[in-house]
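Thanks, everyone. Let me put the structure up, and then I'll start from one residue and work inwards.

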Amino acid sequence: MLRPFWVDLHVHTLLSPCGELEMGAPEIAEKAREAGLDIIGIADHNSCENFPGVSEAAKGNPVVLPCIETQSAEDIHILCVFPNYDTALAYKKWLWKRIRPIPNDVDTFGYQIVVDACNNIVKEEETLLIQGAGYEVDQIVAKVHEVGAVAILAHVDRPAFSYPAALGPMPADYPADAFELSRRLNYEEAQKWRERYPAPRAFIRSSDSHSLDTLSRANCTKMTLAEPTFEEIRKALRGEEGRRISWPWG
Ligand SMILES: [Zn+2]
Ligand SMILES: [Zn+2]
């Protein structure tokens, strides 16, 4: 039976240098549960290593999916959503062939910490995560599809780190699975995107949370699914078998 699920695929943790230290594994799981979110994606910059900790802390409520917010050579952010952690790690291995060994400067950018389900520190990531990898956006989208994952152009409305900021308007048939809009948009602003890129182009809204207070149903996307899984989300993005995405500003 199909029913609505609240989905936020873009949540940072304390592994992202810009993520607040309060974005620990049990804290994210608990706040997402409190906020009534059914599925969250753990999406740190160029990495996914806090997925196991958050996933274990959440114990299936909410369901946690491994994601990576990849930064391309053109400084475009692509939200990559993976069916499982092994696939995310295989993709990350490919990505990191072209990540430069620039050390993180904690004073300038912030800590980059990997934790387990109880917030014990597993490691501190020493390579700066907010850098453009040596792959262009088209190569990244193609690779994500090759590994069986989903590629979403992140915050396309934003004046920095977005496809339009780097390359101008997206072609209508650009081979991404969806475009993401920021939670900051109001109804009219969002409506313009809908008109510019009509259905079947899929849009999602995500919180892009760097702190706990933005985890909320008001900042995410309602999807009609049979169950809270990656495959069901993919069907919803394609509008298959009755699965669908509700227009977030509807
Ligand atoms: Zn971003
Ligand atoms: Zn982000």
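Start with N186. N186 counts as exposed, because it has 8 C-beta neighbours inside 10 Å, and the cut-off for exposed is 12 or fewer. Keep in mind that this is a predicted model. Where is N186? N186 lies in the loop between β8, residues 178–182, and α7, residues 187–196. Now look along the chain to W249. N186 and W249 are 63 residues apart in sequence, yet their C-alpha atoms are separated by 7.8 Å.

Step back to the whole protein. We have eight helices and eleven strands. The C-alpha trace spans about 45 × 40 × 35 Å along its principal axes. The radius of gyration is 17 Å, which agrees with the value near 18 Å for a compact globule of 250 residues. Of those 250 residues, 45% count as buried. And the contacts reach far along the chain: among those between residues at least 6 apart, 71% join residues at least 24 apart.

Now the sheet. Nine strands form an open sheet with mixed pairing. Read the order with me: β9-β8-β7-β4-β3-β2-β1-β10-β11. Which strands stand at the edges? They are β9, 203–206, and β11, 244–245. Each has a single partner strand, so one side of each has no neighbour in the sheet. Helix α3, residues 85–95, packs on the sheet and touches β3 and β4. The direction of α3 makes about 10° with that of β3.

Let me stay on β3, residues 63–71. Is β3 mostly covered or mostly open? Mostly covered: eight of its nine residues are buried. On one side, β3 runs parallel to β2, residues 39–45, and seven bridges join the two. Toward β4, residues 77–81, the pairing is antiparallel, with five bridges. I68 is a good place to see both pairings. I68 stands opposite D44 in β2. I68 also stands opposite C80 in β4. One residue along, E69 stands opposite L79 in β4.

Follow the chain from β3 into β4. These two strands form a hairpin, with five residues between them. D75 sits in that turn. D75 has a positive phi of about 65°, although it is not a glycine. With 15 C-beta neighbours inside 10 Å, D75 counts as partly exposed.

Go back the other way, to the connection between β2 and β3. Helix α2, residues 51–58, joins those strands in a right-handed β-α-β unit. α2 lies across β2 and β3, and runs at about 160° to β3. How enclosed is α2? Largely, because six of its eight residues are buried. Those residues are F51, G53, V54, S55, A57 and A58. They pack against α1, β2, β3, α3 and β5. Right after α2 comes K59, with a positive phi near 50°. Then we reach P62, in the loop between α2 and β3. The peptide bond from N61 to P62 is cis, with omega near 0°.

Now α3 again. A88, Y91 and L95 are buried. Those three cover an arc of only 65° around the axis, which puts them on the same side of α3. What covers the buried residues of α3? The cover includes α2, β3, β4 and α5. On the face turned away, you find the exposed residues D86 and K93.

Two more backbone points before I stop. First, another cis bond: the peptide from A199 to P200, with omega near 15°. P200 lies in the loop between α7 and β9. Second, F161. F161 has a positive phi of about 60°, and it is not a glycine. F161 sits in the loop between β7 and α6. F161 is partly exposed, with 19 other C-beta atoms within 10 Å. The cut-off for buried is 20 or more.

If you take one picture away, take β3: eight of nine residues buried, parallel to β2 and antiparallel to β4.

Technical notes
Residues numbered from 1 in each chain as written. Chains lettered and ligands numbered in written order. Predicted model: local features only at pLDDT ≥ 70, side-chain atom pairs only at ≥ 80, totals over all residues. Helix = DSSP H or I, 4+ residues; strand = E, 2+ residues; numbered from the N terminus. Pairing = 2+ DSSP bridges. Right-handed = clockwise from strand over helix to strand, strands pointing away. Rg over C-alpha atoms; globule rule 2.2 N^0.38 Å. Contact = placed C-beta atoms within 7 Å. Axes fitted to C-alpha atoms, helices over the stretch in contact; angles between N-to-C directions. Arc of directions from axis to C-beta.
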